[in-house]
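Thanks, everyone, for making time this morning. I would like to walk you through one model, and I will try to say how each term is used as we come to it.

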Protein chains: 2
Amino acid sequence: MQLISPTDSMFLVGESREHPFHVGSLQLFRPPEGLGIEFIRDAYETMLKHDDVQPTFRKHPAFFGGLTNLAWTVDDEVELDYHVRRSALPSPGKIRDLLELTGRLHGSLLDRHRPLWETHLIEGLEDGRFAVYTKLHHSLIDGVSALKLMQRALTTDPADTDMKVPWDLPPRRGGKPDSGGSLLGSIGGAAESLVGVAPATWAFAKKALYEQQLTLPFRAPKTMFNVKIGGARRVAAQSWPLARIRKVKEASDTTVNDVVLAMCAGALRLYLDEQDALPDTPLVAMVPVNLRSEKDADKGGNMVGTILCNLATDVADPAARLAEISRSMRENKEVFAQLPQTQQLALSAVLAGGIVLGLLPGFASTAPPPFNIVISNVPGGREPMYWNGARLDGNYPLSIALDGQAVNITLANNGDNLDFGLVGCRRSVPHLQRLLTHLETSLSDLEKAVVS
Amino acid sequence: MQLISPTDSMFLVGESREHPFHVGSLQLFRPPEGLGIEFIRDAYETMLKHDDVQPTFRKHPAFFGGLTNLAWTVDDEVELDYHVRRSALPSPGKIRDLLELTGRLHGSLLDRHRPLWETHLIEGLEDGRFAVYTKLHHSLIDGVSALKLMQRALTTDPADTDMKVPWDLPPRRGGKPDSGGSLLGSIGGAAESLVGVAPATWAFAKKALYEQQLTLPFRAPKTMFNVKIGGARRVAAQSWPLARIRKVKEASDTTVNDVVLAMCAGALRLYLDEQDALPDTPLVAMVPVNLRSEKDADKGGNMVGTILCNLATDVADPAARLAEISRSMRENKEVFAQLPQTQQLALSAVLAGGIVLGLLPGFASTAPPPFNIVISNVPGGREPMYWNGARLDGNYPLSIALDGQAVNITLANNGDNLDFGLVGCRRSVPHLQRLLTHLETSLSDLEKAVVS
C-alpha cells in the first residue's frame, strides 16, 4: 500500500470528463532506409515482449471502501496489449490526419482501473513515417519528467536496434527514480510538504502572483482562451529550425526563450485578430523558467521560476514586441528573485507545469484572469535520436488544457529543431491548426524586422 | 427546455467510466464494383453535407446550476465533423483488427457536452470492404429503435446513390418519432409513468422475476460473467446463414429463437469449460421476446415479454439441450402470460433491453444472480440492403455490459443471415473472440445431432 501524496491526489480528484489530467507526447519517426510496414509490425511485437514493467507503469488508484484517490495499487500483471496499441490513419495519411487522431486520443480519459498510461503506434502516414503517441497521467509523472523518460528510451546510435521502451527502462544508475510523484519532487521536497498544508500555500502563491502582476502596467485581459472548456481536444504540432530562432536572438540581444515568446505572441495576435477577438490590452503569459543560470549554480534548491510575461500583443511592430517581451521577462525574473523563499516555492509548486491553478477553488472564475496562456519551453535532446534504427523527426510535448486556460503551448528541443506542441479545447479554440501558420508568419516577420 | 424522463435520466445518472450506457452498431459494407478508397472518401464528404440534424441527434444533458440529468439541451449547431469521423485499421486490416478498434470505440464514453452520438467510417480492411460503427446514448434511443433507425438510412435498391444518414432522416410519415425517449415508449405510455413511480416498479418487477424463477428447478449459478466489470470492452461479430438455423428448427420442431439460444448455450458451455469455469447447474438467460403471436393480435398493448430461459449448459447432448431450452421457453412464456398486467409491464419496462437491472439498488450484489446473461434477438431487415450503392454484408448490434452482466449477446436479421454482436468486459471475459468459434461448433453440433 502506497499512499498518494496530496498534490498527486489533486490531479485525480480534479479530473473529470472535461478535464483529463494526462500529459502526452507525439513522436514522429522515419523508418530505416528501405523498411516499411513490416518494420512497424515487428516493432509492435517487440514492444509487447518488453513485459518487465516498472512500478510507475503498474500504478493506479486503489478502491478503498468506495473511496479512491487515497492510495495506489501496484498491479502485478499488466495487460500490455491493452496499454500498447496499433492505430492507423485514414487516407491520404497527411500530418493533418495524424493530428486529428492524436487530438481524439489526447481528449479521452485513461481507465482508472488500470495503470494510467497508453502508447499508440500509428501507421499510415503517406510519406512512410510512423508516429508514437504516449499518454501518462499527471499523478504518475509530470510533463518534463515524462519527456525525459521518453528520451531515455532513445539512442544517438542509428545502428542500435536493441529496442528500449519507457515502461521497462531500468532505474537510472545512482539517480532518482524518474518520477517521485509529481513535478513538485523536482522542485524540492519542501514544496511537497508545503503544498500538503494547503490552503496556506494557495495564499502564498496568490500573493506572489499578484505581486508580479503589480509590476505589469495592466491586468491580463479576458480573452476567448480564458473560458470554461469542454472535453474534446485538438492538437497541432510543428518543428522549426533552432538556427532561425538563434539568428533573431543574436540580432536582437535577447534570449532564445524571448524569441520563442515573441513568435508565440505574434501568432496569438494574428489568430485573435482573425477571430475578431484581439483585446486592446496585451495578453499575459505564464512562463516556467530555469533560474539557475541567474543565481549561483552551487546554491542549488529552487531552480524553477514562474514568470508572468507581457506578450505585447497590442504592439503591431514585431521588433518592438520582441523588445517589450524581453524587458518584461528580465524585470519579472528580478521581481521573482526578490520574493520571499516561501512565496517563490509556493508559486513554483502551484504554477510549474501550469495546470494546478485551475483546481484552486475560485481561481478559474476570478475575472480578469491572472494570465491568459501558459507557454513552456522544456528541455529536450540536443542530438539526433533514434529508436530501433528509426530516426526521430519530431518530438512534440502535449500538455493540458483546463478551465480558464483553453489553449497550451509547450515546446522542446529536438536536435537542431524546436518542436512545438499545441493543445486546445476543440470547442473554444476553433481552427487550432491555423496557429501553426501564424507561428511561421510571426517568425518570418521577426526575421524581416530584426535580422538584416 | 425539455425535461428528461426519470427512466432516461437513470441511464445518465448510472453511467460511469466503467459503465458506458450507449448502444452501438457495426455495419460492414462492400463498395460498389470497381470502387475503392475514393468511394469511402467521397462518402465521408457527402455525410458531412447532411447537416439538417434531427432533434434526437442534437440533444445532450443541460447543466442547471451544477445539476445535470434533469433537462435536455437541444443544440442549434452541431459540429458534424466531431460526431462523424474517419478511422483506419492497422495492417493487415483483418476483421480481428476491425473488432479491436470497435472494442476501443465501444468502451469510451460519449462527451456529455455534445449531442450523445458518434459515427465512425472505418477503412483499411484488407478485402476492400469498409465499416461504419455508430454509437448512440441509451438515454436518447434504445437499441431496437436505434437499429430500426439505422435501417431506415439504407435502401433495397443497389442503384440508389442518394445517400441517407440516420441523423437527418425526416420523421416517419404519420408515425411516431424514432425515439420517444427510451425503449419504454414502445412498450406503452403506462410503463413510462409506472417506472416514474419507482421504487414500486422495482418491487413489482422483482416479484415477477422471482415468480418466473420459481418455475425453474434451480437458481442461476454464480459464473465468471456475473461479476463487477471494468471500463474496457471487447467486441466480437459474425454472421450465420439463417437457412442453417431454420433447418435445425424444422428438424426439431422448435423456433428460430430456440435454436439461437441452443447455439449460444453450446458456445457458452464450451467457453466456460475451456476456462475451467463451467458450473454444475445450468446457466439462465434473460430473453426479451415478442409475445404478440401468442395472444390475440388485436389485443394490442404489451408485446414484449421478458423470459427467463434454462440454457441447459449442464447437458452434454446438443439435441437434449435444445429440447430443454425449447421447453423452458414455452413454459416461461405461459408463466409470463399469467402474471398480473402490472407485473408484466414492470418486468418488461425494467428488463427489456436487459440493461436497467444493474441500476436497481442492491440488485447486482444479490447472490445468486437472477440470470447469467442477456441474449436478444432483435428485428432486422429481411432483404439485402444497400447504402449509397454499397452492399450491407453485416449488421451487428452491440449492446451494453454492466456489473453482474459482463457479456451480452445480441443478434439481428440481415437478409439471409443472422448477425451476432457480442460485447464483453475486457478484463472479466478473456478471449471473447473464441465465443465465435464456439458458436460455429455449437451450431454444427446441433446440425449433426438433429438434422439427418
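I will begin with the ground rules, then take chain A, the relation between the copies, two helix pairs and a few single residues.

This is a predicted model, in which local features need pLDDT of at least 70 and side-chain atom pairs count only at pLDDT 80 or more, while totals for chains, interfaces and linings use all residues. Residues are numbered from 1 along each chain as its sequence is written, chains are lettered from A and ligands numbered from 1 in the order in which they are written, and side-chain values use heavy atoms, with hydrogens and water left out.

Chain A, to start with, has 13 helices and 15 strands, where helices (H or I, at least four residues) and strands (E, at least two) are DSSP runs numbered from the N terminus. Of its 452 residues, 61% count as buried; buried means under 20% relative accessible area, exposed means over 50%, and partly exposed lies in between, with a 1.4 Å probe and protein chains only. The accessible surface of chain A comes to about 17100 Å², and 52% of that belongs to carbon and sulfur atoms; these areas come from the Shrake-Rupley method with a 1.4 Å probe, and for residues only the protein chains shown count as cover. Among contacts in chain A between residues at least 6 apart in sequence, 78% join residues at least 24 apart, a contact being heavy atoms within 4.5 Å.

How, then, is chain B related to chain A? A rotation of 180 degrees, with 0.0 Å of shift along its axis, superposes chain B on chain A with an RMSD of 0.1 Å, the fit being by least squares on the C-alpha atoms of residues with pLDDT of at least 70 in both. The two copies are therefore related as by a two-fold rotation axis. In chain B, the C-alpha nearest that axis belongs to B:Ala88, at 2.6 Å from it. The same surface serves both copies, in that 96% of the contact residues of chain B recur in chain A.

Now to the helix pairs. In chain A, helix H11 (residues 318–338) and helix H13 (residues 434–450) pack at about 95 degrees with their axes 8 Å apart, where axes are lines fitted to C-alpha atoms, for helices over the stretch in contact, and angles run from 0 to 180 degrees between N-to-C directions. H11(A) is therefore roughly perpendicular to H13(A), since angles under 35 degrees count as roughly parallel, over 145 as roughly antiparallel, 65 to 115 as roughly perpendicular and the rest as oblique. A:Pro318, A:Ala319 and A:Leu322 of H11(A) make this contact with A:Asp445, A:Leu446, A:Ala449 and A:Val450 of H13(A).

In chain B, helix H10 (residues 256–274) packs against helix H11 (residues 318–338) at about 125 degrees, with the axes 9 Å apart, which makes H10(B) oblique to H11(B). The residues that meet there include B:Leu261 and B:Arg269 in H10(B) and B:Ile325 and B:Met329 in H11(B).

Finally, some single residues. A:Ser376, in strand S11 (residues 373–381) of chain A, counts as buried because its relative accessibility is 8%, and, leaving aside residues up to four places away in sequence, A:Ser376 touches A:Pro288, A:Ile409, A:Thr410 and A:Leu411. A:Lys222, by contrast, lies in the loop between helix H8 (200–215) and strand S8 (233–241) of chain A, and at 48% relative accessibility A:Lys222 counts as partly exposed.
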